[in-house]
Amino acid sequence: MRRYLSAILPFCLSAILLAQIDPKTALLERSAWSALNAGQAHTAAEAFRQALAADPKNARLHLGAGMAAALERRDADARDEFERALALDPKLPQARARLGLIEYRMGDPASAIRTYEIVVAENPDDRGAQATLDRWKREAELHDQMRQAIDDRFTVSFEGPREEAIAAQALESLDRAYWRIGQVLGSYPSEPIKVVLYTTQQFTDITRSPSWAAGAYDGTIRVPMRGALDKQKELDRVLAHEFTHALIRTLASRGVPTWLNEGIATALEADDLDWAQKNVAKAGAPVPLRALQTGFGRFNGAQAQLAYATSALAARRLLEEAGGFAVANLLRDLGDGADFETAFLHRIQRSFADFQSTPF
Ligand SMILES: [Zn+2]
């Protein structure tokens, strides 16, 4: 499913470009913000780094460096830069809110809540910040009450004694997915993966996923325990899918187009892709992969199904033609910031245009 917090908030360039003393640094800063606004995170990071070398006590430059790092998913660097910016200017607009979001993304909700309490106190009219803080608090409260089933590879949190059996079942299912999918991609996560089992309502509240979502991964695997999860096959499918997202994240924390991420997860969730073939046949044609670069959360149920079907068939062909190791290497290259077309040609041994032109 979609990643939470994937979008960087738009911000106002003019509000941030204040007078600078050194014209060369001012120019660097201007080009850094432009690059950041254009989504060119690496160029922006480099320009902010150079500007900071000349003007290391400039809070705004640290904020920009943090935003570029966040966009590149260098989260620890982003957090450090936001903290530096706030140490220099505790009232710097946006810095504290961005620090909170990064803390949350890094799996530190307690710090994120403390940071957002200050954000809300300083900006009492910011309803969005208040809503985020409330949601994080509800989540923390719920997780405090949860129990856990643990092995070396997973930590499964669940609410009450009634869910104990399903949690044990989930742990076994996750272990099977771990070995099966790890072998396909020739890679295994190095750290235990967090999994939380929710009621349907908790899941919707915390992940804000569309109603068709059967699970979500945002650094933690989150799964609603619908009636369907009583069926072993459905449980296996949903957990294998979300586990694959977790594994992909260990290979590439950024730069992976949604069709590839969802496609691999969907292709590996179960052996059978007949449903996908039927879905594409019914629609008349698959969706062009270039139209599936970003999150599927914007789609309605039927559109989402066709997007998943198309992505799964494309990923399956990629895995069959090039093999899991090549696909894992493609993911690693993308995570390292490689250009997609170049990395695809190098790892898959054919151009992306050529790959797309052959029907699945
Ligand atoms: Zn998914």
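**Stop 1: the largest nonpolar core**

Select Leu197, Leu239 and Phe243. Of the 59 residues in the largest nonpolar core, these three touch the most other members. The core draws at least three residues from each of domain 2 (148–250) and domain 3 (258–357). Keep in mind that this is a predicted model.

Stay on leucine 197 and show its contacts. Leaving aside neighbours within four places in sequence, leucine 197 is in contact with Val156, Ser157, Phe158, Glu163, Ile166, Ala167, Ala170, Val223 and Met225. Leucine 197 also stands opposite valine 223 in strand 5.

Now select Leu61, Ala78, Ala95 and Val120. They are included in a second, separate core of 33 residues.

**Stop 2: strand 3 and its partners**

Select residues 193–198, which form strand 3. Is this strand enclosed or not? Count its residues: 5 of the 6 are buried, so strand 3 is largely enclosed by the rest of the structure.

Add residues 154–158 for strand 2. Strand 2 and strand 3 run parallel, joined by 4 bridges. For a marker along this pairing, label valine 156, which stands opposite valine 195 in strand 3.

Next, show helix 9, residues 164–185. Together with strand 2 and strand 3, helix 9 makes a β-α-β unit, and the unit is left-handed. Orient the view along the strands and trace the path through the helix.

**Stop 3: strand 5**

Select residues 221–224, strand 5. Strand 5 pairs with strand 3 in the parallel sense over 4 bridges. Tyrosine 198 is a useful label here, as it stands opposite proline 224 in strand 5.

Turn on side chains. In a regular strand the side chains alternate between the two faces of the sheet. Which residues of strand 5 point which way? Ile221 and Val223 point one way, and Arg222 and Pro224 the other way. All four are buried.

Then bring in strand 4, residues 216–217. Strand 4 pairs with strand 5 over 2 bridges, this time in the antiparallel sense. Tyrosine 217 stands opposite isoleucine 221 in strand 5. The two strands form a hairpin with 3 residues between them. Click on glycine 219 in that hairpin: its phi is positive, near 110 degrees.

**Stop 4: two arginines with positive phi**

Select arginine 208. Where does it lie? Arginine 208 is in the loop between helix 10 (200–207) and strand 4. Its phi is near 50 degrees, a positive value in a residue other than glycine. Arginine 208 is partly exposed, with 13 other C-beta atoms within 10 Å.

Jump to arginine 73 for another case. Arginine 73 sits in the loop between helix 4 (59–71) and helix 5 (75–88). Here phi is near 60 degrees, again positive in a residue other than glycine. Arginine 73 has 18 other C-beta atoms within 10 Å, so it counts as partly exposed. The cut-off for a buried residue is 20 or more.

**Stop 5: valine 119**

Select helix 7, residues 109–122, and pick out valine 119. Is valine 119 buried or exposed? It has 21 C-beta neighbours inside 10 Å, so it counts as buried. Not counting residues up to four places away in sequence, valine 119 touches Arg96, Ala97, Gly100 and Ala129.

Draw a distance from valine 119 to phenylalanine 154. The two residues are 35 apart along the chain. Their C-alpha atoms are separated by 34 Å.

**Stop 6: zoom out**

Colour by domain. The chain is divided into domain 1 (13–143), domain 2 (148–250) and domain 3 (258–357). How far apart are the C-alpha centres of domain 1 and domain 3? They lie 33 Å apart.

Switch to cartoon view. The protein chain has 17 helices and 5 strands. Align the view to the principal axes: the C-alpha atoms fill a box of roughly 65 × 55 × 35 Å. The radius of gyration is 22 Å, which agrees with the value near 21 Å for a compact globule of 360 residues.

Finish with burial and contacts. Buried residues make up 39% of the 360 residues. Take the contacts between residues at least 6 apart in sequence: 59% of them join residues at least 24 apart.

Notes. Residues are numbered from 1 along each chain as its sequence is written. This is a predicted model: local features need pLDDT of at least 70, side-chain atom pairs count only at pLDDT 80 or more; totals for chains, interfaces and linings use all residues. The radius of gyration is taken over C-alpha atoms; the globule rule is 2.2 Å times the number of residues to the power 0.38. A residue is buried if 20 or more other C-beta atoms lie within 10 Å of its own, exposed if 12 or fewer, and partly exposed in between; C-beta atoms are placed from the backbone. Two residues are in contact if their C-beta atoms, placed from the backbone, lie within 7 Å. Two strands pair if DSSP finds at least two bridges between them. A crossover is right-handed if, with the strands pointing away from the viewer, the path from the first strand over the helix to the second runs clockwise. Domain bounds come from an automatic or database domain assignment. A nonpolar core is a set of buried Ala, Val, Leu, Ile, Met, Phe, Trp, Tyr and Cys residues joined through C-beta atoms within 7 Å.
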